[in-house]
Amino acid sequence: MIQQTAPHQRREQIDDPRMANTLATEPDSKLPSSIERRTINLAVARLDAWLETMHGPGGYGGPVCHWWQQCFTYTGAGLDWRYEGIITGYLNLWQRTGESRWRERAIRAGQDLIGGQQSDGTFAFSGFEMNPARMGTPHEAACDVALLRLASALRQDGNESWMMPFNAAGQNIRHVYLERLWDEERQRISDGKPDASFVPNKAATASNALISLATMSGDAELIDRYAIPTINHILDHQIRADSPFDGAIAQNSFGSQQIDKYFPIYIARCIPALLEAWSLTGSERYIDAAVAAMRFIDRWVVDDGSIPTVVYPDGRTSTGPMWIAPLGDILLAFDLISPFETFATHEAVLSRMLNGQDETGGIQTATKFECQSGWKASELPDVRDLLHVAGWCDKAFRYLSRHVSEDPLPSASPSEFVRSATFLRDEYLFRETCERVEITKEDELRYLWVKGEAHPQVAAKEFWIR
Amino acid sequence: MNCRVPHEYRYALDAIGTISGQQGHPFVLLNLPELEEEMSLRGFGGEVPSLTASAIWIEPIRHSINEDLLEITSRLCNEGLLSIVASLPLSRLLPDNTCWTRSAIGTRLTGSGELTQSIAQHGFTIQQIFGIHTARSIGLNGLGRIMERVGRNDMADRFLARSKELYCSDQLDRQFSTVALICARKTGLRR
């Protein structure tokens with residue numbers, strides 16, 4: 001165990017708000033040996049250029065594809081977990097390069113969130129794949145984490161406007177997470193009180209937000225009463241057994257019934273909270289759980305760096321889709337766990353993600369999306385595979401931003417991207433430019449999103465798919 | 001999330017957004033107050049001009065169908081687009097729908113016919129009808145639940161994904177759905 005803040009030292013920081021500046025920066029960590037910094041620098045510069053094309057009125061927009069649901073019909077700003085990676089990524093760039101333009105990007109993103117906050121503390125359009133919707137989880141907590149990082153960075157910089165993101169996050173955490181989602185009976189942040197549902201990765205993000213707020217405000221009750229008990233419930237959802245499933249964390253539960261599906265990207269999203277719990281309490285069981293979770297993910301990495309989206313209890317897997325941009329969250333977990341254990345698969349996963357970056361500068365979402373409903377993969381990628389989604393690319397952006405050099409990033413600009421693709425067994429042509437995403441079928445325009453607009457100008461029936 | 005609103009209504013509203021989105025703010029006639037928040041999220045409702053290029057009519061009610069159509073006709077310009085969301089008989093089988101669709105005309109076995117006839121009588125030409133949450137989709141969902149019970153979550157997930165692909169239909173099976181989306185254009189009465 002090296003270069004980690006000793007647990008008790010970290011706990012003392014909570015009681016000293018002056019130490020909250022530690023929130024603002026993400027520690028450096030080593031890159032896999034074969035990947036050069038300049039490769040990362042260029043990838044980040046290109047991602048930034050693409051993200052700029054996705055920023056319109058109110059924030060970063062665009063269609064969304066996801067395991068659970070698709071959202072092609074709402075394309076306006078989504079105030080959801082995309083901001084966690086975007087704000088953290090820009091703060092990382094500011095911290096590493098010292099260039100003020102990255103601070104301005106982070107501030108603008110924070111203003112998107114604050115501008116979209118409703119009087120009840122929720123954020124507008126926080127449903128990601130379910131948009132337009134409110135009270136999206138873990139999205140609102142992810143926004144809070146981002147706002148608190150921004151507040152901490154601004155305070156550290158002597159910028160008095162830090163109170164705005166701090167207050168916005170505090171309002172959301174108190175009104176949404178503590179007043180509405182805290183389950184007093186079960187002592188945990190739930191995913192909705194009526195059916196007593198609990199989703200470990202969402203609870204982990206909420207715990208991260210609570211700990212961040214406690215770190216800035218000095219209110220230790222947020223940790224002792226809410227965050228740690230919630231994280232303990234994540235442990236209750238983890239398999240500890242002498243089997244290939246050791247370390248796996250069940251996707252969710254309803255009451256006492258656990259849903260035994262294991263999603264590597266969601267398990268990876270539990271790891272930061274487990275590490276926080278270790279850092280705050282010194283209890284080895286959290287670090288054991290985090291390492292076991294990472295080992296479980298590592299066991300399922302294929303040689304090409306791909307990972308099944310779902311692993312089922314009988315060992316079957318779902319390999320349609322297999323993520324690319326979302327791998328950023330798994331790579332982040334590799335980084336965070338590296339002081340305790342390193343994994344040889346880190347490099348293959350990173351290569352897969354980097355290879356997903358195309359002419360736009362965005363990173364594609366997945367491969368084999370069409371297999372989700374049981375069809376065999378055709379030779380062409382699915383439209384959803386190719387789609388560049390702000391709420392996935394942010395994860396790649398955040399991870400990569402941790403590894404840029406201190407030199408200014410190279411200049412980059414997006415180029416037109418055109419590929420043949422398949423969608424629901426028909427053939428299409430997918431085209432993205434700085435201004436639009438258009439999808440045609442036999443020269444007929446079937447989908448057109450002009451970037452910045454809240455709805456596509458054209459969306460044929462097949463793109464109403466949810 | 002507002003879970004009281006069944007998914008098919010939200011789906012229909014999103015579809016309307018893509019159909020009439022470029023035609024300015026639509027006139028809205030809403031007979032389901034439960035949908036108000038969903039309408040507002042999508043920018044529907046609020047102040048609109050006295051004459052609009054599009055209109056949305058949510059859940060035509062049997063006893064007020066003619067009054068509603070007269071109001072819509074007076075607010076919609078010629079060639080304006082009317083989008084109608086109407087519950088269908090199958091919606092009565094879904095536990096979360098039944099409490100607020102009892103008087104909806106579409107839930108009667110002969111309701112769809114009566115509705116389309118009334119629309120035509122008020123000078124509208126029906127352009128397209130979609131069935132949302134089709135029987136095929138419901139069936140695949142049911143198969144998915146069976147698969148879950150026998151421990152085949154992988155198959156359950158595939159059935160669920162497939163059911164989403166078949167969620168909306170503009171073919172003959174559209175009438176075996178829980179909700180209809182009817183798109184009609186105001187063409188005026190032809191005598």
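Here's a short walk through this predicted model, from a small sheet to a core and then a buried helix.

Let's start with the sheet in chain A. Three strands make it up, in the order β7-β8-β9, and the sheet is open, with antiparallel pairing. The edges are β7 (197-198) and β9 (257-259) of chain A, and each of these pairs on one side only. Look at β7(A) and its partner β8 (residues 252-254) of chain A: 2 bridges join them, and they run antiparallel. If you'd like a spot to zoom in on, try A:Phe198, whose bridge partner in β8(A) is A:Ser253.

Next, the nonpolar core. In soluble globular proteins, nonpolar side chains tend to be buried together. Here the largest nonpolar core has 185 residues, and the ones touching the most other members are A:Leu210, A:Ile267, A:Ile271 and A:Leu274. Helix α9 (residues 264-281) of chain A gives the most to this core, with 12 residues. Apart from it there's another core, of 5 residues, and B:Phe159 and B:Leu160 are among them. Back in chain A, what does A:Leu274 touch, leaving out residues up to four places away in sequence? The answer is A:Ile231, A:Tyr286, A:Ala289 and A:Ala290.

Finally, have a look at helix α11 (residues 327-337) of chain A. All 11 of its 11 residues are buried, so the helix is largely enclosed by the rest of the structure. The buried residues include A:Asp329 and A:Asp335 as well as A:Leu331 and A:Phe334. And what covers them? The cover includes α3 (82-97), α9, α10 (284-299), β12 (322-323), α12 (346-355) and α14 (390-401) of chain A.

Notes
Residues numbered from 1 in each chain as written. Chains lettered and ligands numbered in written order. Predicted model: local features only at pLDDT ≥ 70, side-chain atom pairs only at ≥ 80, totals over all residues. Pairing = 2+ DSSP bridges. Helix = DSSP H or I, 4+ residues; strand = E, 2+ residues; numbered from the N terminus. Core = buried A, V, L, I, M, F, W, Y, C linked by C-beta atoms within 7 Å. Buried ≥ 20, exposed ≤ 12 C-beta atoms within 10 Å, placed from the backbone. Contact = placed C-beta atoms within 7 Å.
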